[in-house]
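Here's a quick tour of one protein chain, written for someone just getting started. Take a look at the sequence and the structure, then read on.

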Amino acid sequence: MPENIAVELREHLEIHRVPGGSKLLLSHLNTVTDLILWRAYLQLDDKPLRISVDDDSLTEREVVFFDGAIETGEHEISFLLVFKSKREDESSQ
């Protein structure tokens, strides 16, 4: 993860701490009109959060992968997002 993103994430988690942990929201907001999110693989601290394959919810403009509490401390977030052209999707129908 780029250092500037790590610093921003750390600051966000410190600001939004709640008793017993912190709240974390991981989402994707699609602002590219010609691409759709096709597959998503996410992990938090080496535990799968979401593995989506051909999930209709991925075609929405905004997809929430995780919205919940996490323990205070350092965490590792891993993700792979795969996009495809809307034109490919429309031509296959």
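What follows goes from the overall layout to the pockets, and then to a few residues worth a look.

## The overall layout

First things first: this is a predicted model. The chain is built from two helices and six strands. Starting at the N terminus, those elements follow the order α-β-β-β-β-β-β-α, so keep that pattern in mind as you scroll along.

How much of the chain is buried? Of its 93 residues, 27% are.

## The largest pocket

Now for the hollows. The largest pocket holds about 470 Å³ of space. It is lined by 14 residues, and Ile-5, Leu-9, Leu-26, Ile-77 and Phe-79 are the ones closest to its centre. Which elements give two or more residues to this lining? They are helix H1 (3–15), strand S2 (21–29) and S6.

As for the kinds of residue there, the lining of the largest pocket has ten nonpolar residues, three polar ones and one charged one.

## The second largest pocket

The second largest pocket comes in at about 320 Å³. Its lining counts 16 residues, and the ones nearest the centre are Arg-10, Leu-13, Gly-73, Glu-74 and His-75. Helix H1 turns up again here: with five residues, H1 provides the largest share of the lining of the second largest pocket.

What's the mix by class? This lining has six nonpolar, four polar and six charged residues.

## A nonpolar patch on the surface

Let's move to the outside. Val-32, Leu-35 and Phe-83 make up a nonpolar surface patch of about 220 Å². Phe-83 belongs to strand S6, which covers residues 77–85.

Is Phe-83 buried, partly exposed or exposed? Phe-83 counts as partly exposed because its relative accessibility is 35%, and that class sits between the cut-offs of 20% and 50%.

## Two unusual aspartates in a loop

Here's a bit of background on backbone angles. Most residues other than glycine have a negative phi. Now look at the loop between strand S3 (35–44) and S4, where you'll find Asp-45. Phi of Asp-45 is near 55°, so to speak on the positive side, in a residue that isn't glycine. With a relative accessible area of 29%, Asp-45 is partly exposed.

Asp-46 is in the loop between S3 and S4 too. Asp-46 isn't a glycine either, and its phi is positive, at about 65°. What about its cover? Asp-46 is exposed, because its relative accessible area is 60% and exposed means over 50%.

## Two buried residues in strands

Ser-52 is part of strand S4, which runs over residues 47–53. Its relative accessibility is 4%, so Ser-52 counts as buried; the cut-off for that is under 20%. How far is Ser-52 from Phe-65? In sequence they are 13 residues apart, and in space they are 9.8 Å apart, C-alpha to C-alpha.

Gly-68 sits in strand S5 (residues 62–70). With a relative accessibility of 15%, Gly-68 also counts as buried. Try finding Leu-24 as well: Gly-68 and Leu-24 are separated by 44 residues in sequence, yet they are 5.6 Å apart in space from C-alpha to C-alpha.

Conventions:
Residues numbered from 1 in each chain as written. Predicted model: local features only at pLDDT ≥ 70, side-chain atom pairs only at ≥ 80, totals over all residues. Heavy atoms only, no water. Patch = residues over 30% accessible without salt bridge, like charges linked within 9 Å, V, L, I, M, F, W, Y side chains within 5 Å. Areas by Shrake-Rupley, 256 points an atom, 1.4 Å probe, with all protein chains shown as cover. Salt bridge = Lys/Arg side-chain N within 4 Å of Asp/Glu carboxyl O. Helix = DSSP H or I, 4+ residues; strand = E, 2+ residues; numbered from the N terminus. Buried < 20%, exposed > 50% of the residue type's maximum accessible area, 1.4 Å probe, protein only. 1 Å grid on protein atoms, 1.4 Å probe; cavity = no way out; pocket = protein on both sides within 12 Å on 5 of 7 lines; lining within 4 Å. Points joined across faces, edges and corners; volume = space filled by probe spheres on them. Nonpolar A, V, L, I, M, F, W, Y, C, P; charged D, E, K, R; others polar.
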